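Hello,

Here is the structure I promised to pass on to you. Please have a look at it first, and then read my notes below.

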Amino acid sequence: MKHFLSGFNAVFLKDLIAELRAKQVLPSMLVLGLLIMWILRLASSTSSIDLAVTGPAALWISILFSGLLAQERSFSVEKENGCLEALLLAPVDAGTVYLAKVAVNLVMLCVFEIVIVPAAILMFRLEVSDWPVLVAVLMLGNLAISGVGTLFSALVCGAGARGAVLSVVVLAVLMPVMVPAVFALMVVFGAVPAALVGTGALAFVGSLGSALGYMVAFDAVFIAACWLLFGIAVRD
Amino acid sequence: MRLTLMFLSVALLLLSSWIGLTAGRIEPECRNIIYMHVPSSIAALVCFCVLLAASVGYLATSRVSWDRVAAAAAEVGLIFATLLNVTGSIFSRAEWNVWWTPSPRLVTAAVLWFLYVVYAILRISLGGDRGLRARVCAVFGIIAFFDVPMVIISARFMPDIHRAGFSFDSAWQTAAFLPALASMLLLAAVLIWLKADLLAARDMLEKEI
Amino acid sequence: MIYLCVAFSCVWLINLFYLFTLDRQVRDLRRRLEARAGERG
């Protein structure tokens, strides 16, 4: 356990400090995220019901794409410097490297969301009914994006493919978790009046609890699977 | 051998159509699409299982033959997933007058199709190093396989548009369904076999050059 | 009824299209094989 922690900390801090020094990823994430949300805001009408329904979707879209951008940048930088090979040669378990990278991406996404979520609330005139639930939903979504994205960006960037391939692959895998995620955010932002939950009036049947439970299950399964596969995936 | 199997598959499909249009006819005529729709969905899922097995096999043994089977299964699976979505869409238009709707089964079918397409994209775009491409695609095959039950569960969150499970009323209908199922599965097996052999031949050709 | 016919046709068309694709690949392989046999012999 101690070995795990020291390895984890080493990789985690290295990436975090490198990122903070370069100041490359976070600004581009923010710009991309804000632009996406702004375009979606312009494209939706101004009736408040429309905004309340579009808002959560727009928020998740911008989080998804900015998160992918961040992961792609960080891995392509590592590939340029031959860092990944060096990391794997170090006496750190590949699974530990994976978890550390997931943690770094999580931190990036959280910092990004600290800016983006208030921006979304302002742009789409949303009202937050339940702050802890909002944070929980966002964290679960971040975990999914980071978990799957880290594995695939290590693979795809290592293979030298162009950027669009990563987005395609990760979006395809994350498709099932986005439905409960958007729904949970819609509930949090009050776009789904409690009376309507459970009817077929909106494209959702279920409760907030089940949506959260589903996201937890998805995260658990996929992070475990990615953790197991990471070592095999990046070995030479 | 493969040719005979293919003819057998066509014969089974004709048999199923014959029974299906006479004794095993389902009443609103358009519902007979089910005889082609459900077998292709089962075939698409079976291809996905083959893809998973081949991916695991490749990662475990690093033998290229597994990778070829995976590529073949992905391509054939794409065909069956396309069939699934097309027949499903026609069926939903015939039954409920909409070409598509976010209902659980339809979304699952669409996601399956997308996963196959993404596999194909990965195969094509990671041109250079064969071993690396095989590894990346194998990892994606395994992760995507976990996606399918997840989609099925998450689809329960969507409005259940009159999609109850159906059962066959009479023995004739089952008699019409089973040959169709056998036909599609046989066709899938033959196509995967054929495609894998083609890829092996191409690899042999390119290696000697 | 027409939907049934359309569906049936689509199934056959898609299968035939795929078989056609496979056939082209076989022809391409054969052509390359014969070209190589030609330049060797």
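**What I found**

Helix α8 of chain A (residues 208-234) and helix α5 of chain B (residues 130-154) have axes that come within 11 Å and cross at roughly 170 degrees. Axes here are lines fitted to C-alpha atoms, for helices over the stretch in contact, with angles running from 0 to 180 degrees between N-to-C directions. That crossing makes α8(A) roughly antiparallel to α5(B) (angles over 145 degrees count as roughly antiparallel, under 35 as roughly parallel, 65 to 115 as roughly perpendicular and the rest as oblique).

Before going further, please note that this is a predicted model: local features need pLDDT of at least 70, side-chain atom pairs count only at pLDDT 80 or more, and totals for chains, interfaces and linings use all residues. Residues are numbered from 1 along each chain as its sequence is written, while chains are lettered from A and ligands numbered from 1 in the order in which they are written. Helices (H or I, at least four residues) and strands (E, at least two) are DSSP runs, numbered from the N terminus.

Back to that helix pair. On the α8(A) side, the residues that meet α5(B) include A:Y214, A:F218 and A:F222; among their partners in α5(B) are B:I142, B:F146 and B:M150. By class, this contact has 13 nonpolar, one polar and one charged residues (Ala, Val, Leu, Ile, Met, Phe, Trp, Tyr, Cys and Pro count as nonpolar, Asp, Glu, Lys and Arg as charged, and the others, Gly among them, as polar).

α8(A) has 27 residues and reaches 37 Å from its first C-alpha to its last, close to the 39 Å expected (1.5 Å times one less than its number of residues). A kink of about 30 degrees is centred on A:L228, the bend being the angle between axes fitted to the seven residues ending at a residue and the seven starting there.

Now to the chains as wholes. Of the two pairs that touch, A and B have the most contacts (C-beta atoms, placed from the backbone, within 7 Å). Their contact takes 29 residues from each of chain A and chain B, and α7(A) gives the largest share of chain A's side, ten residues.

Chain B also touches chain C, with 19 residues from chain B and 15 residues from chain C. α3(B) gives the most to chain B's side, eight residues.

And chains A and C? No contact joins them, and their closest C-alpha atoms lie 24 Å apart.

Best wishes
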